[in-house]
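User: Could you walk me through some salt bridges, one step at a time? I am new to this.

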Number of protein chains: 2
Amino acid sequence: MASSSTVRYRVNGHPHDLVSVRDRGLAYGDGLFETIRVVNGRATLLERHLGRLGRGMSVLRIEMPLTSLRSELEAAAVELGEGLLKQIVTRGEAGRGYAMPAIAEPTRILQLLPPPEYPAAHTLKGIRLFPCATRLAHQPLLAGLKHLNRLEQVLARSEWQDSGHAEGLMCDMAGHPVEGTMSNLLLRLDGRWVTPDLRHCGVRGVMRDYLMDQLAAEGEPVLERSVTLDELLACDELVCCNSVFGVWPVVGLGDRKWAVGPGARRLQVFSEQVLS
Amino acid sequence: MASSSTVRYRVNGHPHDLVSVRDRGLAYGDGLFETIRVVNGRATLLERHLGRLGRGMSVLRIEMPLTSLRSELEAAAVELGEGLLKQIVTRGEAGRGYAMPAIAEPTRILQLLPPPEYPAAHTLKGIRLFPCATRLAHQPLLAGLKHLNRLEQVLARSEWQDSGHAEGLMCDMAGHPVEGTMSNLLLRLDGRWVTPDLRHCGVRGVMRDYLMDQLAAEGEPVLERSVTLDELLACDELVCCNSVFGVWPVVGLGDRKWAVGPGARRLQVFSEQVLS
């Protein structure tokens with residue numbers, strides 16, 4: 001078990017970093033991915049990552065046993081020690097045309113990456129959100145999944161370059177806040193935890209699910225519903241969460257300022273339970 | 001100049017068929033593609049294909065000179081003789097994260113493919129359209145572009161397997177017909193040519209543009225506007241068009257039947273002028 005700054009790759013279990021140009025992951029974004037934080041040789045929130053991957057595979061009708069994938073990820077986590085595992089699963093190689101091939105051998109692409117280098121201040125003092133103009137399209141068939149069609153996130157993330165914003169707020173076509181470019185949102189509103197619902201768009205984050213379960217277990221179920229921008233600006237606390245960095249309190253969005261509150265600290269206790 | 005059933009590949013001009021797993025085309029569908037029909041060693045509608053590619057590169061901010069791409073495609077067309085050139089352009093390789101890399105070397109992937117094997121009856125006797133339930137999300141930022149985020153088309157095309165339907169009809173979230181899974185639509189309505197507008201979704205087909213220009217040049221500008229399903233079902237003639245197969249008359253959609261009309265034959269004269 002040793003962390004390393006070298007990136008290592010596996011394609012279908014073999015140690016190389018190349019895929020065929022015939023792979024439908026490249027041709028159509030026809031696949032899914034997960035980015036898993038590895039701590040002390042352990043792939044954190046692994047069952048939840050595999051659960052989301054499985055839901056995505058079911059929707060896209062990509063068939064691959066998750067049991068062997070689980071073993072591969074667990075072994076890679078031990079090898080990596082500390083860092084990130086990025087797992088891509090595509091439908092595999094095929095000829096031209098959108099039709100799913102009758103027989104397809106899915107491609108598994110695994111990257112062993114060094115730990116992320118986010119400033120500790122993001123967690124301790126909070127972050128500012130950039131208000132992205134790029135909006136999320138409503139596509140209920142794909143909502144919640146972490147698929148490889150991510151041009152909206154690419155465009156949204158390109159809207160700012162300064163390091164003063166650690167994340168960007170993305171709204172849907174109706175102008176309702178949905179998520180960050182790489183994280184989910186939790187708000188403290190009228191004494192309750194609220195999170196934007198993801199029926200129409202957005203990625204159903206593994207850390208979001210975990211935090212919701214923890215809060216529910218303590219008798220504070222999180223309300224999943226459509227949230228307006230006015231509500232978001234009026235909330236008492238706002239945080240971003242994902243399974244890589246955990247929980248970042250939001251202390252600024254445009255002119256609006258927040259203090260880091262007790263709610264954010266409480267969520268960080270939950271996230272630290274799995275990420276450390 | 002010789003056609004061949006063998007597929008040949010070039011990646012950045014080199015004769016191989018592999019790309020890095022770090023390529024953002026694979027990671028996020030961060031790129032574009034064109035499929036160009038080659039006839040008699042000539043890449044048909046090449047300037048229009050390059051024009052659309054250029055528009056897409058501008059929106060996605062992928063920088064690459066089109067002049068060298070044009071030369072490469074022209075040389076490949078001579079080499080191929082008859083068939084298809086599939087050109088993919090991605091943002092290139094980069095590390096993890098949605099942010100566009102400060103310095104990126106776009107990846108050019110070229111496939112030299114044999115001619116498509118569509119039955120001649122599709123052109124002569126017309127086709128049936130499958131009514132796809134998969135709808136196109138509204139995303140004006142990406143509408144019109146032929147980008148690599150194509151899961152909606154993959155899902156729509158998976159809705160039917162029988163050979164009785166050669167193409168599928170895709171509607172937008174409002175239920176309005178927009179396009180086929182791989183083609184555009186032209187309708188004969190109240191004595192005029194109409195085509196669904198593509199402001200919110202859909203791919204702006206090269207053959208669609210060409211046909212619109214030909215009709216406009218003959219004093220019959222095509223009306224681009226939102227079309228309802230009722231209007232489509234009530235139209236006198238309906239065709240699908242793309243730059244690979246040209247123009248297919250539609251003779252069936254659910255219970256609705258059409259005869260192949262003079263409008264379709266006229267459009268086929270135009271398409272044959274460039275595809276033969």
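Analyst: Here are some short questions and answers on salt bridges and one loop residue. This is a predicted model, in which local features need pLDDT of at least 70 and side-chain atom pairs count only at pLDDT 80 or more, while totals for chains, interfaces and linings use all residues. Residues are numbered from 1 along each chain as its sequence is written, chains are lettered from A and ligands numbered from 1 in the order in which they are written, and side-chain values use heavy atoms, with hydrogens and water left out.

User: How many salt bridges does a search of the whole structure find?

Analyst: Happy to start there! A salt bridge is a side-chain nitrogen of Lys or Arg within 4 Å of a carboxyl oxygen of Asp or Glu. Over all chains, the count of such bridges is 32.

User: Which residue forms a salt bridge with E34(A), and is E34(A) buried or exposed?

Analyst: Buried means under 20% relative accessible area, exposed over 50%, and partly exposed in between (1.4 Å probe, protein chains only). With a relative accessible area of 2%, E34(A) is buried. Its closest N and O atoms to the partner are 2.6 Å apart, and that partner is R52(A).

User: How many residues apart in sequence are the parts that E34(A) and R52(A) tie together?

Analyst: Helices (H or I, at least four residues) and strands (E, at least two) are DSSP runs, numbered from the N terminus. E34(A) sits in strand β3 (residues 31-39) of chain A, and R52(A) in helix α2 (residues 46-60) of chain A, so the bridge ties together parts whose separation in sequence is 18 residues.

User: Where does E220(A), which meets R266(A) in a salt bridge, lie?

Analyst: The side chains of R266(A) and E220(A) come within a salt bridge of 2.5 Å, N to O. R266(A) is in helix α8 (residues 262-275) of chain A, 46 residues apart from E220(A), which lies in the loop between α6 (206-217) and β12 (223-225) of chain A.

User: Which residues are linked with E220(A) and R266(A) in a network of salt bridges?

Analyst: R266(A) is partly exposed at 27% relative accessible area, and E220(A) is partly exposed at 23%. Both belong to a network of salt bridges, linked there with R188(A) and E218(A).

User: How far apart in space are G164(A) and I127(A), C-alpha to C-alpha?

Analyst: G164(A) is in the loop between α5 (151-157) and β8 (167-171) of chain A. G164(A) is partly exposed, with a relative accessible area of 42%. In sequence, G164(A) and I127(A) are 37 residues apart, and in space their C-alpha distance is 8.0 Å.
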